[in-house]
Structures are given as structure tokens and as C-alpha cells.
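Here's a quick tour of a protein model and the ligand it holds. Take a look at the structure first, then read on.

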Amino acid sequence: MTTNHTHLVHGGREDLRELGVHALPVDLSTTYPLAGLEAGTASLDALVEGQGSAENPVYARLFNPTVQRFEKSLARAEAAESAVAFSSGMAALTACILALRERGNHIVAVRPVYGTSDHLLDSGLLGNEVSWVSATEVADAVRPETALIMIETPANPTLKLIDIEAVVRQAGDVPVLVDSTFATPILQQPLRHGAALVLHSATKFLGGHGDVIGGVVACSEAMAASLRRVRVATGALLHPWAAYLLHRSMPTLKLRVERAQFVAGELARRLAADPRVGKVHWPGLSGFPGAELLGRQMLGPGSVLAFELPGGHASAARLIETVRLMTPAVSLGSIDTLIQHPAALTHRVMNECERTSCGISPGLIRLSVGLEEPEDLWADLDQALEACSPASRAA
Ligand SMILES: *Cc1c(COP(=O)(O)O)cnc(C)c1O
């Protein structure tokens, strides 16, 4: 049902033996010597039309072998025909929107999504119109000119879960894009549930070490060809060094995701039992809405959680200033624990009213749990909660 360790270790490395190397080669060429003018023209045409490879790469905006190896690895992990990598998660989302423009300019989307994704869709920057609906209202919102349905599950930052199959049933022939960044291919493979496109901010779990920005979309080969045409034209390439770092992280993805999920569970249960804390958002807690999707759609709840502080913004600010072991920083999916305040940071670009109504309150804290010992993280959180609880501030 899910991607296995062997695929993660060997995916995208099929040509290494033939090349006579063991580690992933990094090809930094921006241009390539041509065997002859006609052959060069034929390769250029093939790549500009969106083919995945050609006899000659011609120019690095058209093709790069280091990037292609990472794409093969990710495609295998998602059980997809193809994958196309971009310079960031946002570049990947932009390419999806542009690639589908010929179908129409209307998008149906379900909140919450990552703050900048919300902003990109809502601003109409790419000439699109968006209808924000709930996951059960998708069918009613679809129009003849609807090009794309976009959902994010689990959603950033509230961990809201959406039944992918239920959305796909409402979509008719409109492609459904799932931002699966929080789940990774270890916990969820949306294509198996009928999604047409799976998007990852590779910056997060895929990279996993906080040192690379990238984005990737897994999909059919036909869809991949459209995405490559956009990538060739707009130049939102993943750099070969970034592709190398991402690919190098793939073999440990499952280990990292499973370990972080275990640690997150330890913290989530303690937070849920703590009187200093309000509601805790983590799909592994009993009674979490949509938890029935665990097992059917997701193998596990993952390692990002959120919780509410009764003291609101002031308490949240104090908590973030008081942690010592955890890093107060945006982003997620790294080997170490990151803590941040969505309303003031990652989701600040959203309209305030929309933000509050989709559950991103002034007291909401998001925690991306890393690989540390749960006891050490809890000790840090415990002292910070003590410092920001109203009783201690009054004292
Ligand atoms: C970070 C993030 C993005 C954007 O990715 P970048 O790599 O920062 O461009 C998109 N979706 C989700 C869920 C994210 O967490």
C-alpha cells in the first residue's frame, strides 16, 4: 500500500552501475556539446515539447540528469508514472496552475491551505479565479471552465483531514491536486485515491535537513509533459545541487517520518492532557475529525501538530521566546523540532477574517516535531508553558 524501503534506497539510481559510479553524480553543465546540428535540433524540439529526456540535453533549462534521477525516485515513491521537480513548492504550484490554464481559468479550493498557496490562488496573480468551498461543496462549485480542484491534506497548520476519494467523486473530469507535503509518500499516496497531481514542498520532509528549497509534482506522463513545457518556458528549475540533496535524503525518508511521528505522539498526548493547553490538533488523538481516514487513506498521523494557548497571541509570543531546545522558526519536516506561530508568520498573508474562520486563531502554535528524545522536548515545552501560563505571568 505504501512505498517501501527498497524503492526509497534504489529509486532513480538505475543508471549508476552503467556509469561506473556508486554515489549520485552531480552534473552542473549549463550547456552540452552537440553531436551534430540536426541531432541537436531534434533533441531541442523533443524537450521543448515536454518529453522527459532526449539524446542530447542541449541546455540545462531543458533537462538535467541529476534532477531527473531525483524525479524518478519521487515518482517511484508516489507510485506515479512521472514526476517533475521545481525550484520551490510555490514554483511547482504555479506550474500546475499554468499547465492547466488551457482547460479554463477557474479553480475550486478548500481552506485551509499553506498561507502562500492561499495567497497565490486568492490574489488571481496568475489570471485565475478561485471558489473557496468546503470539501462537501466541491461538486456544486465546479463549472465548465473549472481547470483544477486543489486540496491540502493534512492541512497546514490545523491538520484538517480531507477524504481525497470523496473529493475525486465530486470532481468529474476535473483534475484534483493534493498538496501532500505533510504526509509524504510514506504516509499517503494520493494518486491511489484518484488524485491527478500530488504536490510536495520538497523543502520540508523530502529534503528533511533544512538545507534545500524545492518542489515536486507526481502525476501521469501526459500531465508531466505539460508541466515540463511550463518549466522550460518559465525557468523554475530545481538546481542540480538541490536535486542531489533531495535525492540523497530519500533513502532515510521512511526512518525519519516514522521516528518523528512517534516523538510527535508522545508530545501530543502530553499536551492533550495538560490543563495549560487548549485544543490539540493531531490526527492521532482520539476524536480528531476525519481520524477514520487513518488506515484507509493515511498510514499514520505524521509529525506536525498544533495546539491552542488560552492566553492568545501574548502567550504564543512568550512561548516562542522561551523555548530553548526547539528552534523558533517557520518551515517543517526537518530533523530537529521547529515551533512557530501561523497567524503571525506562515499564514499572515491571508485575509484575517478568512484566517480566523478556518481555525488559525491568535493562540495557535504549530510544532514540527523532529527526531530528538521526547523527554528532552517535553522538558523544554513544559518550562515554556510554565512561563507563558496566565498564572505564572500574574505572579
Ligand atoms: C512550505 C509549503 C509550501 C510551499 O513550499 P516552498 O518550498 O516553501 O515554496 C506549500 N505547501 C505546503 C503544505 C507547505 O508546507
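What follows covers the ligand, one helix and a few spots with unusual backbone geometry.

Keep in mind that this is a predicted model, where local features need pLDDT of at least 70, side-chain atom pairs count only at pLDDT 80 or more, and totals for chains, interfaces and linings use all residues. Residues are numbered from 1 along each chain as its sequence is written, and side-chain values use heavy atoms, with hydrogens and water left out.

**Around the ligand**

- There are 13 residues around the ligand, and M90, D179, S201, T203 and K204 come nearest (a residue is near if one of its heavy atoms lies within 4 Å of the molecule).
- This shell splits into 3 nonpolar, 7 polar and 3 charged residues (Ala, Val, Leu, Ile, Met, Phe, Trp, Tyr, Cys and Pro count as nonpolar, Asp, Glu, Lys and Arg as charged, and the others, Gly among them, as polar).
- In the side chain of D179, an N or O atom is 2.6 Å from a nitrogen atom of the ligand.
- For K204, a side-chain N or O atom is 2.7 Å from an oxygen atom of the ligand.
- M90 uses its backbone instead: an N or O atom there lies 2.9 Å from a ligand oxygen atom.
- On its own the ligand exposes 380 Å², and the protein buries 93% of that (areas come from the Shrake-Rupley method with a 1.4 Å probe).

**Helix α5**

- Helix α5 covers residues 89–99, and 8 of its 11 residues are buried, so the rest of the structure largely encloses it (buried means under 20% relative accessible area, exposed over 50%, partly exposed in between, with a 1.4 Å probe and protein chains only; helices are DSSP runs of H or I with at least four residues, strands are runs of E with at least two, and both are numbered from the N terminus).
- Among the buried ones are L93, C96 and I97.
- S88 caps the N-terminal end of α5, with a side-chain oxygen 3.3 Å from the backbone nitrogen of M90.

**Unusual backbone spots**

- Most residues other than glycine have a negative phi, and most peptide bonds are trans.
- T153 and P154 are joined by a cis peptide bond, with omega about -10 degrees.
- Another cis peptide bond links N156 and P157, with omega about 5 degrees.
- L159 has a positive phi, near 70 degrees, and is found in the loop between β4 and α8.
- T184, in helix α9, also has a positive phi, near 65 degrees.

Notes:
Polar contact = N/O pair within 3.5 Å; in protein donor to acceptor, adjacent residues only side chain to side chain.
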